[in-house]
Structures are given as structure tokens and as C-alpha cells.
Amino acid sequence: MSADASDLSLVRRVQRGDKGAFDALVLKYQHKLVKLVMRYVRNPAEAEDIAQEAFIKAYRALPQFRGDSAFYTWLYRIAINTAKNAVVSRDRSPIDYDLDRNSSDESYDMQGRMKDSETPEGLVLTDEIRSTVNAAIDALPEDLRTAIVLRELEGLSYEEIAAAMDCPVGTVRSRIFRAREAIDRRLREVFEGGLGRAEELG
Amino acid sequence: MPRAARNSAPALSLALAWALTAPALAEPPSTAGSTEVAPAQWLERMNRALTTRNYDGVFSHWHGGRVEMLRIIHRVQDGTVSERLASLDGSGREFVRTGASLACYLPDKRTVLVEQRPPEQSLVGFPTVNDQTADFYEIRDMGRSRLNRRDTHVITVAPRDEYRYGYRLWIDESTAMPLKTELCDTHGRVIEQIVFASLTLPARISDAAFKPEVSTTGFQWLHNDAAPQPSSTTLAWTAMRLPPGFRMTVRSAQVLPGASAPVDHLVFTDGFASVSVFVERAAGATSPQPPQQAAVGSSSAFSTVIDGHKITAVGEVPPATVQFIATQVKAQEPAAPHP
Amino acid sequence: MKEELDSQLSAMFDDELPSAECELLARRLARDEQLKARWGRYAVMGAVIRAERGVRLNAPLAGRVSAVLLAEPALVSRSSAPLRVAGMRWWQPLAATGLAASVAAVSVLWLRSQSPLAGSAPLSSQLASAPRALPVAAVVPAAINSGGGSSLNYVLSRGGSTAPLMVPSTELANYVVAHSTFSSPVARRNLLSAFMTSEGGTLGAEEAPQDAQSSAK
């Protein structure tokens, strides 16, 4: 199978006018992009703004994307450029993310936990999401857990994981899928459960 | 080089202008003299916290338009200080101090510098704020400020002349840790900034926390095996003139890692900033070498060869100051046969 | 049947679905909000497993982008040339022992990356695996085709400024370290931090002659 087929199939749809396909790309890469941008700006809210800008730029530039590089590589470069411009345009002044703004976008307590801040609910939500996923993963049978961790943490391909776990590729695919389903059962509640606690697309 | 006259009108207005460029802060002290803790005491509390407490934090270091993240872990246990400072982006450099040994891991140069240093040494020659310091810096309490949901006290240390830098410090009220530090030039412009993104003060830190992440296979290890000694070289070096307020506080000789002969090490301080001067024989330098300047972040270094000796000054001061001091260093006594 | 379809979503997310099926699923994914939401939750799971601290996991980023795009003109591909699909993924031959170690290490990695910040050293262990994120320069693929005069081909330089990365000479490093003991704590931290980061100037000429000089002390 060809590499990057997944992203390219979505990109092709966007290039033919299907904006919904772009949503899928955003959903897939938003955390990675924000994390990347945070190398340049420490403030998470600002990083999100820059990531947002990068996605919009990528959308507009998509007609010129030819598939010479992987989509994510191309997106990554746009994000870096956007982040660099954002930092430079602040006129080389030092990062100041406290005194002039009333809402602290980055806060920490002496326990040292970096929390996202917004409403007190927003504060709780990321932690809740994280602990829900962690608990779900801890509860997974070992073979499912190993499969998904090798995939997400180590970035191994299905074939590599199959070699590592000494099982067929089809089994790897099934294990990862079942792991995700098990986690999703709990995670869905946080995202959909009562009073629309988490933001959802659209 | 401008000679700063103490207490002259221009010097005072410089300090005032400097303080005024500080960002608008909430809650200035209600009346002078009614603040419970004097500004200098805040600095003392801060220094004490930095040297005696256990802490583990991640901070951003901004300088020259670049930001990098670093981690610092510091522990004082049974009178021994352990410390590890590691770059989290890019360079992979680390600095580890455990008890008497300092190791500087430079993966980009595939080198490790190791120095042995007796523990008491760290307390000698250490700049301390005293009454004299006020002659050269204006230390002010700018009031309280909320920084990342902590109550902090903002203290500014404004230089009264061009020979030194100033600081703005956001000192956490309950722990006295400097949550944000700005290094400023004499015009109040920020040239370096350090802000903690996260910080804990754990009661216990394991030894494992001080192990470097760097893999040192194939690295060159440069040791200095000799402990610092009182100057045993035949020449006593001293500075003929110094910028106002600077005085020599340490004179020693040591063997730097990778070197075969001791280097004279003099330390000058004005109570807040310090400058080290290293003197060594210049190898086979018959023709005069051009003086050289360097910068390490906001700190300056200057090197020149005088009378067959290479003199290097390093310090967290403006370039002009290291240059001034380096060029003023002379031998006090006539040369005697080298042992 | 449904499970087959659902597992396709998971496989596509991992880029492990044959391209023909990707085309079909992409069409469904673009229009099905439930499917999109699941896809989005897959991404959240990945972010949690990689313990990407500091990143908001419920950020309304995707929704905002979507809202902005509503107002954007729909893209119309200028040329009818099909996208060139990048070559086959190059499978690195992995020694069996290496992989076995991977598997064994997973549980350790997992635990390490999930432990709370206080009391252990998760940040450093996470960041020890940060090379996975790849320093910027390493991500640039070997051949960047400028294709169509796109201005999106960047020459990546390390760090945010255009100044070349300067590496302090060993001699300067020695001086800095030796001096640091005599700085005030705050100044010392600034000095060492600057030294630890990518900054620093050479003291003197190039490295080789410098070392030759100092070794002749």
C-alpha cells in the first residue's frame, strides 16, 4: 500500500471542493501542530491561535500541494513558518504572558501541574480526558494495550508491530481497533455526556 | 569609556528612567516604609531559596529573539548541593553538579568537562547585596503582582551606570523563588528573560534525577584533577583600575579541564554582578594577538594578550565592563623563575 | 460488517488502509459527523498516550477552523494532473531483538510517561523521547520539489533566528563553568541557561587552532 494514502485521499477531496474532508485532517493533526508551535510560543492559547492560522493557510495553499512530500510534512513547514512569523512580528520583545493580560493563559500551582485554564470547567476537562484515557488503557488486556502503545507512542507500522508481537498484520489491525473502541466507550462519555461538556466539531 | 560619577544628576535620572520603563504593575506599595520587608531582604530571601531549597522546574529562557526551554533540578541534602540543568530543546547540553564535582556535557562537541571543586568553595566570593551595593544599584520594591496565579513581589535592581545590568524579579511571596527574571540594560530594555513554566519544591529528590540524559559514548572527557589552590604562580595579578564598586573577592589558581598548567583566577564583584578574570601564559605568542570578544547569552567575555599572558574576563555585565577589567589586569610583582 | 467498516476507520487513521478503500472512506468521513467525532477522539487518544502535556485536549480548534472555512471559497484544483503519491514506505529492517525490546519496554515507557509530575521525573523521560518529535532540520525530506513555484518550500534553520548556530569553544566553556560558581544565584542561572541553549560565541579563531593553543599551556 502506498504511504500517505489516507491523508492524500482527504486532500484530494478538499481540492475538489469538499471542505468537510479538511475537518478530518484538522482533527487528526491539531494536537501535533499545537505541540509543535509551542516550541515557539509557550502560551497554549496563543499556540492554538497560531495553529489555527496555519491550518487556514494550508487550506488556502492546498491547490498547490502536489504530493511531492507527505501532507503532514508540508503542513508542518507551514506551521513552523507561521509560528516564526508570529514570534518575529512581536518585534523581538520577550514573551510576556502575564501582567498585561487579565486571564492567565498558562498557570501552574506548586504541585507543578501545567493546567490549561479558561473556565474552571475547561481546567478540569483536559485532566479528565487524560485520566479517562489512561484509566481505559490501564484496563485493557495486555495485547491490546501493547498494540496501541507501540502504534501511538513508538510510531511503529502495523507490519513492524506484527513482527514485534509475532502475530499477523490483520491481528494487529484488529487489536488496535478494539483498543480504540474500548477507550472510546469511556471517552465518548466525556465528550458527549451530559450538558455537552466538551467541544465537538460543528 | 564613560566614567560614571556616583550620585550625579545624570546617574540618578538614568536609574529613574530605568525604573519607569518597567511595565505597569498592579498594587504599588502603599507608602514607602510601610512595606514589611525591605527590597534588599527580598533579594536575600530569594538567594536563600535558590541556594538552600529543593526544586524542580521547567523554564523558558528568552534571549536575542530565541526561546528555549530548560529544566533545572536542585537539591540540598546533608549539606551537599546537587544540581542539574538541561536544555530541553536542541542543544542537549547538560550541566550537572553533585557535591564536589561539576560536569558539563556538550553533545554538540562530543565533550564532557569535569571539574572537581571543594564544596566550601561555592560560598566564597559570592556576591551579596549589602549597603555598598546601593551605591551602584537602585533597589526598589515595585509592589505585588499576580504572575500565573501566584502572588509575587516585584523587585527591580536598576544599575546606576553603564557598567552593569539590572534585573526585574518576580519573587514568589510564599517560597521566594524568582518565578520570572528579566535582565535589563541600563535603558531598561529587556535583554534576557527567564520564566518558570512549572515548578515544584519537593521534599525529596532522588539521585536518579541528577543523571544526565546524554549518552557519552565516544565523547572526549576533559578533567581537571587538581583542586583549586591559593595562587602559587610567581606573579600576583591584580587590576590597576576597576569600574566603580567592583572589588576583588577571590584570588586562586586552578587547573581547568584539559589544561596542563594552572590558570590564575580572580573574581571581582560589585555585590550583584561578578566578573572572573583568568590569566595564563600565552603559548609562544611573540606577536601581539588581537583582543577577542564573545558573548554567552547576555554575559560577556573578552580576551587579550598582555606581556606574554592571555587574560580573559567573563561576567554577566555589558561588554564594555569585561573589556575594561581585562585590560586593567597587570602583574604586581616582577617575574620570578617559573618553578 | 459494521465492525469491518469501523476497523477501516482505525486503519485509515494509521495510514494502513489500501488507497482504494481510503477514497471511499474519505468520502464518508467528510460528511458523517459521528465518524468525524470518532476520528477526532482517536487523535485525542494518541495525544494522551504520548503524554503531550500542556496541550489542551478539548480545544475548539477544529470547530473554529471549520467555521472559518465556511466563509472561504471552495477550492477548485487548478490543474487536472493527479496527485503524485509518495513512494512506498521504506520499511526499515528491524532486528527481532530490537523489536522485542520495544515490546518489553512499552510497559515501562507507559508507566514512566504516565506518572504524576510530583515525585518522579516524567518530564525528562518524556522529553528524552522528544527526538521522536524530531528536531526541525531532520524533518525536511530529502527532495523538496518546488512544484509550481510554491513559496512554501522553506529552508529550515535551527531555532527562530537567522543567525547561524554558534557553538562556544571548549575554552570558553571552561571559563563559563569556572566563573559560574562565583555568580549570584540568579545571574548564575541566566549564565548557565544561556550556555545550555544554542547560544554562545567563539572566543578567538576556529576551533582547531584554539585547541592547539590551549594544549600548549
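This passage walks through the fold of chain A, two of its helix pairs, the nonpolar cores and one enclosed helix in chain C. The model is a predicted one.

Chain A starts things off with eight helices and two strands. Reading from the N terminus, the order is α-α-α-α-β-β-α-α-α-α, which puts the two strands in the middle of the run, with four helices on either side. Chain A has 202 residues, and 51% of them count as buried. If one takes the contacts in chain A between residues at least 6 apart in sequence, 56% turn out to join residues at least 24 apart.

Two helix pairs in chain A are worth a look. In one of them, helix α2 (residues 19-37) of chain A and helix α3 (residues 44-61) of chain A bring their axes within 9 Å and cross at roughly 135 degrees. Angles over 145 degrees would count as roughly antiparallel, so α2(A) is oblique to α3(A). The crossing is right-handed. On the α2(A) side, the contact is made by Phe22(A), Val26(A), Gln30(A), Leu33(A), Val34(A) and Val37(A), and these meet α3(A) residues including Ala47(A), Ile50(A), Phe55(A) and Tyr59(A). By class, that contact has 11 nonpolar residues, one polar and one charged.

The other pair is helix α6 (residues 142-152) of chain A with helix α7 (residues 158-165) of chain A, packed at about 135 degrees with their axes 10 Å apart. These helices, too, are therefore oblique to each other, and α6(A) passes α7(A) in a right-handed crossing. Here Thr146(A), Ala147(A), Leu150(A) and Arg151(A) of α6(A) meet Ile161(A), Ala164(A) and Met165(A) of α7(A). The split for this contact is five nonpolar, one polar and one charged.

On to the cores. The largest nonpolar core holds 94 residues, and Cys104(B), Val277(B) and Ile325(B) have the most contacts inside it. Helix α9 (residues 185-196) of chain C gives the most to this core, at seven residues. Leaving out residues up to four places away in sequence, Val277(B) touches Leu266(B), Ile311(B), Ala313(B), Ile325(B), Ala326(B) and Val329(B). A second, separate core of 86 residues includes Val26(A), Ile129(A), Ile148(A) and Ile176(A); Val26(A) is also one of the α2(A) residues that meet α3(A).

Chain C supplies the enclosed helix. In helix α8 (residues 170-180) of chain C, 11 of the 11 residues are buried, so α8(C) is largely enclosed by the rest of the structure. Among these buried residues are Glu171(C), Asn174(C) and His179(C), alongside Leu172(C), Val176(C) and Val177(C).

Key
Residues are numbered from 1 along each chain as its sequence is written. Chains are lettered from A and ligands numbered from 1 in the order in which they are written. This is a predicted model: local features need pLDDT of at least 70, side-chain atom pairs count only at pLDDT 80 or more; totals for chains, interfaces and linings use all residues. A residue is buried if 20 or more other C-beta atoms lie within 10 Å of its own, exposed if 12 or fewer, and partly exposed in between; C-beta atoms are placed from the backbone. Two residues are in contact if their C-beta atoms, placed from the backbone, lie within 7 Å. Axes are lines fitted to C-alpha atoms, for helices over the stretch in contact, and angles run from 0 to 180 degrees between N-to-C directions. Angles under 35 degrees count as roughly parallel, over 145 as roughly antiparallel, 65 to 115 as roughly perpendicular and the rest as oblique. A crossing is left-handed if the near helix is turned anticlockwise from the far one by less than a right angle, and right-handed if clockwise. Ala, Val, Leu, Ile, Met, Phe, Trp, Tyr, Cys and Pro count as nonpolar, Asp, Glu, Lys and Arg as charged, and the others, Gly among them, as polar. A nonpolar core is a set of buried Ala, Val, Leu, Ile, Met, Phe, Trp, Tyr and Cys residues joined through C-beta atoms within 7 Å.
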